[in-house]
Amino acid sequence: MSVTDKLTARLPVFGDHGDRHKDVVAVVKLHGVITPSPSPLARGAINLGAIESALTRAFGHDRLKAVALQINSPGGAPTQSGLVAERIRQLADEKGVPVLAFAEDVAASGGYWLACAADEIYAHRTSMVGSIGVISGGFGFTGLLERFGVERRLHTAGANKSRLDPFSPEKPEDVEWLKKMHGQLHELFVDWVTQRRGDRLADSDELFTGDVWLGQKAVELGLVDGVGSLREIVKKRYPDAEISVAEPKKPLLARLGLGAPAAASAVLDAVAAKAAWSRFGL
């Protein structure tokens with residue numbers, strides 16, 4: 001932990017006068033699509049690089065009683081989901097403090113993976129929780145280049161290097177390969193949820209189908225421990241503690257209110273992020 005982060009962790013919050021003898025519940029906001037390459041046009045993004053400073057500050061308080069994860073995410077990249085969740089567990093074990101997760105609008109797919117890093121999970125009665133599955137999508141542009149008179153030249157070394165190329169006809173063997181990859185990732189997801197939730201999970205065939213449920217049903221299935229908001233639960237559990245929010249550091253341009261140029265890749269990233277939220281009506 002750097003000297004800067006240590007000093008930041010001790011700063012007073014919410015107008016408090018800086019009573020360093022008060023217990024602290026640190027809040028980390030995990031809002032957005034989980035992606036290794038955040039776009040300046042997307043609705044926020046979660047990855048280990050973006051969230052590391054906030055996690056370090058949250059777990060760095062001297063009188064830390066607990067860390068609360070405020071989650072609002074439709075999911076995204078499985079590797080970043082795993083990296084962030086593992087980092088949370090590492091810091092929690094080092095500090096010896098409980099971690100509570102609170103689902104807001106949605107904690108689905110990778111968002112629920114993050115929630116399972118907590119010792120307890122809570123949701124609002126209207127929260128959408130679950131989606132324990134794997135999904136990927138794309139577009140097929142076969143014939144598009146020919147229509148505009150463009151010749152594509154693709155050269156590879158390795159028979160499978162061009163799998164699922166969007167400008168080539170889809171091959172059954174490529175689809176079968178993708179399904180196997182999905183199956184392996186799904187098993188890892190199920191193992192993680194089972195490891196973290198243990199015997200709290202209901203004996204139900206519904207759990208790992210990729211479906212989502214509202215808060216109370218998620219409680220019945222054992223995916224969450226109760227229905228309630230962050231401030232409600234924290235106030236009840238730690239009535240004398242102050243809440244300190246650890247925000248992820250924003251890039252310089254974002255702090256100045258400026259965005260990066262709207263390159264084609266950034267626009268596509270924003271469209272993909274919007275599609276991820278739209279699956280849950282958001």
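**Why we call it that: strands and salt bridges**

In this predicted model, strand β1 (residues 24–31) runs parallel to β10, and five bridges pair them. Residues are numbered from 1 along each chain as its sequence is written, and side-chain values use heavy atoms, leaving out hydrogens and water. Local features need pLDDT (the predictor's confidence in each residue, from 0 to 100) of at least 70, side-chain atom pairs count only at pLDDT 80 or more, and totals for chains, interfaces and linings use all residues.

Q: What makes β1 and β10 a pair?
A: Two strands pair if DSSP finds at least two bridges between them. Here there are five bridges, so β1 and β10 pair. One partnership is Val 24 with Glu 242 in β10.

Q: Why is strand β10 called largely enclosed?
A: Four of its five residues (242–246) are buried, so the rest of the structure largely encloses β10. Buried means under 20% relative accessible area, exposed over 50%, and partly exposed in between (1.4 Å probe, protein chains only).

Q: Why is the contact of Glu 120 with Arg 237 called a salt bridge?
A: The term asks for a side-chain nitrogen of Lys or Arg within 4 Å of a carboxyl oxygen of Asp or Glu. The closest N and O atoms are 2.9 Å apart, so this pair qualifies. The two residues, in strand β6 and helix α8, are 117 residues apart.

Q: Why does Glu 120 count as partly exposed?
A: Its relative accessibility is 22%, which falls between the two limits, so Glu 120 is partly exposed. Arg 237, at 36%, is partly exposed too.
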